[in-house]
There are 4 protein chains.
Amino acid sequence: MFTYPVRISLRDGDAAGVLFFGRYFALAHDAYETFLDSHGLNIGHLIRTTGYLIPVVHAESDYRRPLFVGERALIRLRVVELRSRTFTIDYEFLNAGGHLACRLRTVHCAVNTQTRRAVALPNDVLTALRAELEPKNKG
Amino acid sequence: MFTYPVRISLRDGDAAGVLFFGRYFALAHDAYETFLDSHGLNIGHLIRTTGYLIPVVHAESDYRRPLFVGERALIRLRVVELRSRTFTIDYEFLNAGGHLACRLRTVHCAVNTQTRRAVALPNDVLTALRAELEPKNKG
Amino acid sequence: MFTYPVRISLRDGDAAGVLFFGRYFALAHDAYETFLDSHGLNIGHLIRTTGYLIPVVHAESDYRRPLFVGERALIRLRVVELRSRTFTIDYEFLNAGGHLACRLRTVHCAVNTQTRRAVALPNDVLTALRAELEPKNKG
Amino acid sequence: MFTYPVRISLRDGDAAGVLFFGRYFALAHDAYETFLDSHGLNIGHLIRTTGYLIPVVHAESDYRRPLFVGERALIRLRVVELRSRTFTIDYEFLNAGGHLACRLRTVHCAVNTQTRRAVALPNDVLTALRAELEPKNKG
């Protein structure tokens, strides 16, 4: 399971002193980008040069406990579904005490950069995702 | 129905030139705060002085079309469910051509600021939400 | 003088309940983009299609009074210097009471999108800026 | 000298594929918060419990080279001035090749949380800053 440590910084907190609900998605995407990096896929390079994008088509989150500004938390990332044209990533945010703070999910597809039409997932993306796909979902 | 015009600014776009998926939640919350303003409820005042908070406990979004940096879009906000302890807001993002770009939902509860325990929705919040509650959900 | 009204939203505040110091630059740039819009220059279109960019090469700000989450403020924008290759924009943030909250400045140049080398300011940018250049600076 | 590695994430880039100019201030503040952490000062704790804040009163930046989305960079932080009521931090952003991308500065003071009036820098802040103050500035 891929893990990504985060520190809740002042810029991501809100006036109640906790991580702003919308910023969980940004931090989850930071974790996802770093996961791609670890498989040799750089999101910036991908956007600039490959001719395809892998946008988010669905996102959702359930908040259980606040994360406070200054707190150190952990994001656990799992590839939970991988199809020919879409894939699903689940994220768990654990607070400094190891308790679940948030469950979050993103569903992605691949599109041609110019036409924005759906295309099959590129091979390098498939390879990276397969390496992390949970065994129970591998068929 | 409450509507909120937005312009997709450079700071909210990403390297693909479109609104970053996580920022839809921030813009939806901007619309929601302005909706509360229109009913005399200022979120900053609420956080600083009332002793309760109304955090988001669930959020989700479905993306249909990208919104481009520099594009002018419209957010339509509807109160779709109102219970004694929770409420649900739906948002539709329409692009410059009037086509649906994104559907988004936030579910909120009320908590005591100090204890963070759930409390009944305060009366002023109930009054504001009831005024905008869709008729089909009122009885 | 170009003016741009803003509402300090929850997402831009910090744990002290006030606009995060770094976000003044984002709001100033929102004002600047809207100023360009008013002269027919769309920043998204410019980045995607023109072959040049007009990045910020210097920025600075002096903070006098905090702006509170939920507060409505005003940004006043002035073109204070216009040269063949650079221009300078000054911004004043006024709080809800009309008092000065922040002075901010951005200095821009033009670069070729591919090479990132400095180029002369394009004519459409020059025309827009000249229209707003303060008389005392018009020589 | 305190160093802080950063990865330019998608959420911090702009439509030109580079770090948005205003976000350098956010990343610099992330570095500063982590520097304070390393001296036992947690900014969240400080805001919530100590009765004082250490806001930024001046900030400035000079941009030399863009930082690209996906790029790994380094921030070097130095305490360059320490007075009884203010202090100054300088930041250098180095790109993946080790070249200077940006110089940035923040000047801070201390204020009473309630009155927002200037107060002397608290002892724990002074101690942390002195430990990192450059020798040439130590008198």
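Which residues does Ala120(C) touch, not counting residues up to four places away in sequence? I'll come back to that in point 7, after a walk through the rest of this predicted model.

1. Let's start with the layout of chain A. The chain has three helices and seven strands. Reading from the N terminus, the order is β-α-α-β-β-β-β-β-β-α. So one strand comes before a pair of helices, six strands follow, and a helix ends the run, going by the DSSP assignment.

2. On overall dimensions, the C-alpha trace of chain A spans about 40 × 35 × 25 Å along its principal axes. The radius of gyration is 16 Å, and this agrees with the value near 14 Å for a compact globule because the chain has 139 residues. Of those 139 residues, buried ones make up 45%. Contacts are worth a look too: take the pairs in chain A that are at least 6 apart in sequence, and 68% of them join residues at least 24 apart.

3. Helix H1 of chain A covers residues 23-38, which is 16 residues. From its first C-alpha to its last it reaches 23 Å, close to the 22 Å expected at 1.5 Å a residue. Its buried residues are Arg23(A), Tyr24(A), Phe25(A), Ala26(A), Leu27(A), Ala28(A), His29(A), Ala31(A), Tyr32(A), Glu33(A) and Phe35(A). You'll spot charged residues in that list, Arg23(A) and Glu33(A) among them. After the helix comes Gly40(A), with a positive phi near 80 degrees.

4. H1 in chain C can be checked in the same manner. Its 16 residues (23-38) should span 22 Å at 1.5 Å a residue, and the end C-alpha atoms sit 23 Å apart, so the two agree. The buried set in H1(C) includes Tyr24(C), Phe25(C), Leu27(C), Tyr32(C) and Phe35(C), along with Arg23(C), His29(C) and Glu33(C). Just after H1(C), Gly40(C) takes a positive phi of about 80 degrees.

5. Now for how the copies relate, beginning with C and D. Chain D superposes on chain C by a rotation of 180 degrees with 0.0 Å of shift along the axis, at an RMSD of 0.0 Å. That is the relation of a two-fold axis. Which residue of chain D comes closest to the rotation axis? It is Glu60(D), whose C-alpha is at 2.0 Å. As for the surfaces used, 100% of the interface residues of chain D are also interface residues in chain C, so the copies meet through the same surface.

6. Chains C and B make another pair. A turn of 180 degrees and a shift of 0.0 Å along the axis lay chain C on chain B with an RMSD of 0.0 Å. Here too the same surface serves both copies, as 100% of the contact residues of chain C recur in chain B. The contact takes 20 residues from chain C and 20 residues from chain B. On the side of chain C that touches chain B, the elements giving two or more residues are H1 and helix H2 (43-49). By type, the residues of that side are six nonpolar, eight polar and six charged.

7. Back to the opening question. Ala120(C) touches Ser84(C), Arg85(C) and Ala110(C), leaving aside residues up to four places away in sequence. Ala120(C) is in the loop between strand E7 (118-119) and helix H3 (123-132) of chain C. Its C-alpha is 4.9 Å from that of Arg85(C), although the two are 35 residues apart along the chain. Is Ala120(C) buried or partly exposed? Partly exposed, because 13 other C-beta atoms lie within 10 Å, and a buried residue would need 20 or more.

8. One backbone detail to look at is Arg116. In chain B, Arg116(B) has phi near 60 degrees, a positive value in a residue other than glycine. Arg116(B) is found in the loop between strand E6 (100-112) and strand E7 (118-119). With 13 other C-beta atoms within 10 Å, Arg116(B) is partly exposed.

9. Chain D has its own entry for this position. Phi of Arg116(D) is near 60 degrees, again positive in a residue other than glycine. Arg116(D) lies in the loop between strand E6 (100-112) and strand E7 (118-119) of chain D. Arg116(D) is partly exposed, with 13 other C-beta atoms within 10 Å.

Terms used: Residues numbered from 1 in each chain as written. Chains lettered and ligands numbered in written order. Predicted model: local features only at pLDDT ≥ 70, side-chain atom pairs only at ≥ 80, totals over all residues. Helix = DSSP H or I, 4+ residues; strand = E, 2+ residues; numbered from the N terminus. Expected span 1.5 Å × (residues − 1). Buried ≥ 20, exposed ≤ 12 C-beta atoms within 10 Å, placed from the backbone. Rg over C-alpha atoms; globule rule 2.2 N^0.38 Å. Contact = placed C-beta atoms within 7 Å. Least-squares fit on C-alpha atoms with pLDDT ≥ 70 in both.
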